[in-house]
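Reader: Please take me slowly through a single part of this model, namely the empty space inside it and the residues around that space.

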Amino acid sequence: KMAAAAGSGAAAALWSEVNRCGQNGDFARALKSVNKILQISKDDVTALQCKVVCLIQNGNFKEALSVINTHTKVLTNDVIAFEKAYCEYRLNRIENALKTIQSASQQTDKLKELYGQVLYRLERYDDCLAAYRDLIRNSQDEYEEERKTNLSAVVAAQSTWEKVMPEDLGLREATYELCYNSACALIGQGKLNEAMKKLQRAEELCRQSLSEDSDVTEEDIEAELAIIHGQMAYIMQLQGRTEDALQLYNQIIKLKPTDVGLLAVIANNIITINKDQNVFDSKKKVKLTNAEGVEHKLSKKQLQAIEFNKALLAMYTNQADQCRKLSASLQSQSPEHLLPVLIQAAQLCREKQHAKAVGLLQDFADQHPANAAEIKLTMAQLKIAQGSVTKACMILRSIEELQHKPGMVSALVTMYSHEEDIDSAIEVFTQAIQWYQQFQPKSPVHLSLIREAANFKLKHGRKKEAISDLEELWKQNPKDVHTLAQLISAYSLVDPEKAKVLSKHLPSSDTLSLKVDVDALENSHGATYIRKKAGKLAGDNQQKEQGQGDVKKKKKKKKGKLPKNYDPKVTPDPERWLPMRERSYYRGRKKGKKKDQVGKGTQGSTTAGSSELDASRTASSPPTSPRPGSGTAVSATSNVIPPRHQKPAGAPATKKKQQQKKKKGAKGGW
């Protein structure tokens, strides 16, 4: 009895210690006291619950879950459902957390809050929205603002990932979180300018909120603003302002934010801007997308987009095996998705395997008819690249849902015209017109196609067929003067009498009210300019004609110029018109004393100029090398020796070599 009493007294002291530590937030010390209590009573339900709570508060979620699972008889799901579900949620075991919540006998407010978070992580946005609405409707506490923020986050996710038009929740955007979520919803709708204004407002509110706390530094504020700036950069990228977006993205990366999800998204967006350029930067940035925990921070579509870009980057960096591996993995995860098969086809095309690429696309189109249209468009593009225009046309015409579209009709007619297959082009027009006659007879596209078909037929000499189309147009709108004029013009080439009959339906010139102000037209800038220019030209012509007449009247013979030393008393030289060499008194020039006397002097002697006439020296020395000591510039060719490799001009070795070359040249040349 005394031992039991002592034990109960010790337990009471420990419980008071646990209570005091819990109120002070010292859960590490509280855990020590709880463990001591469990040594006294190992199956104490309250002590086990306190231990789990202490472990959760200390961030030891695995150990807390282990305690729960090892004491299932005592800690039943009804007793500790919230703590178990929360541990599973924090350990990213989201499906297990959902099962734990749903198996609880009583749905407390705490479980409902956690249920909303779990549904959001599972991307079940409709159920999540309903859960938060129920919480806001039935709760009255200090966490109402957080619930509204979560509700707006769900609406933003629906708008972004499911393209659902968000409803107006009537929330007062008093916090930067609410402003940010509202901006995300606007981005999902494509209202980029409005979204940018919301983000700017969110930035202002964030700065105001954080600057009130004296302990918060400017670096802390910038770190909190990183996610807002990231969305701003994304809007800039969508608007085509890639340089501004890239600058802002890099500023965020320099801050080194702790949010791995934010860093992964920014790195991915930079890679999309780089595309096939700056691949080394992209290879650095892709490492940020592989950080630990990224898969738990991003949505499935975000993770999928990152994987697609990894495959494309592997293709751009000529890592063919890696590209095939990544695209095959993506295709196995999403068999109906277009991008993996398109990436594989692009890789095959880079390897010049066009036929294999077309076959791959054809197999996918057969297996997934719902996505066949986009695949067949790609196949047609590949065929055009190969020069098989007719085959490309056949593929395009097999896309039934696009046959009547004006863009498709225009493309097919252009391609058939290029191949000079006019019959097939007219057949394309006919099929499209028949579709509109059956389903949309009053559509403006229908009439436009008939007119285009008529013009095409007239251009290629199919006058009778064109007349049939124009008559159809005129019947539908007898007041259309333009169509009537075209019809008369066509008939004038085939049946002039019919053209005369139809011309009676044209309105008379009296009924045509042109409503042209002649005075205003004449006084307009263009008319004044033309009138002035015409008058100026006329005046110039008159002056020119008058000037020519004056020249004819006043034309006089000019007097010849006499030499300065002219003497009228001296008779001029009769041979002055002949060149000096041909005159009778020419004796030739006097020979200069300094001219070289070629062939004179003693045998074997040389003159200053003889070296220039030596053929052996010319043949043996490089034509582009400068003479030693000369200042002549040399063109930069491959034969030029750099100056530092040349020997001095007066070196005896150089003279010796030159003499040897001279002797050899003399023997061979003479």
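**The lining of a cavity**

Author: Asn268, Ile271, Val286, Thr289, Ile306, Asn309 and Lys310 line the second largest cavity, a cavity being a set of points on a 1 Å grid over the protein atoms alone where a 1.4 Å probe fits but cannot get out, with lining residues having an atom within 4 Å of a point. This is a predicted model, in which local features need pLDDT of at least 70 and side-chain atom pairs count only at pLDDT 80 or more, while totals for chains, interfaces and linings use all residues. Residues are numbered from 1 along each chain as its sequence is written, and side-chain values use heavy atoms, with hydrogens and water left out.

Two helices (DSSP runs of H or I, at least four residues, numbered from the N terminus) each supply at least two residues of this lining, namely helix 14, spanning 260-274, and helix 17, spanning 300-316. Helix 17 gives the most, with 3 residues. By character, the lining of the second largest cavity divides into 3 nonpolar, 3 polar and 1 charged residues, where Ala, Val, Leu, Ile, Met, Phe, Trp, Tyr, Cys and Pro count as nonpolar, Asp, Glu, Lys and Arg as charged, and the others, Gly among them, as polar.

The volume of the second largest cavity, meaning the space filled by probe spheres set on the points, which are joined across faces, edges and corners, is about 30 Å³. The structure holds 2 cavities of 30 Å³ or more, and the largest has a volume of about 40 Å³. Around that largest cavity lie Arg397, Gln403, Leu412, Val428 and Gln431 as its lining, which divides into 2 nonpolar, 2 polar and 1 charged residues.

Key
On a 1 Å grid over the protein atoms alone, a cavity is a set of points where a 1.4 Å probe fits but cannot get out, and a pocket is an open set with protein on both sides within 12 Å along at least five of seven lines; lining residues have an atom within 4 Å of a point.
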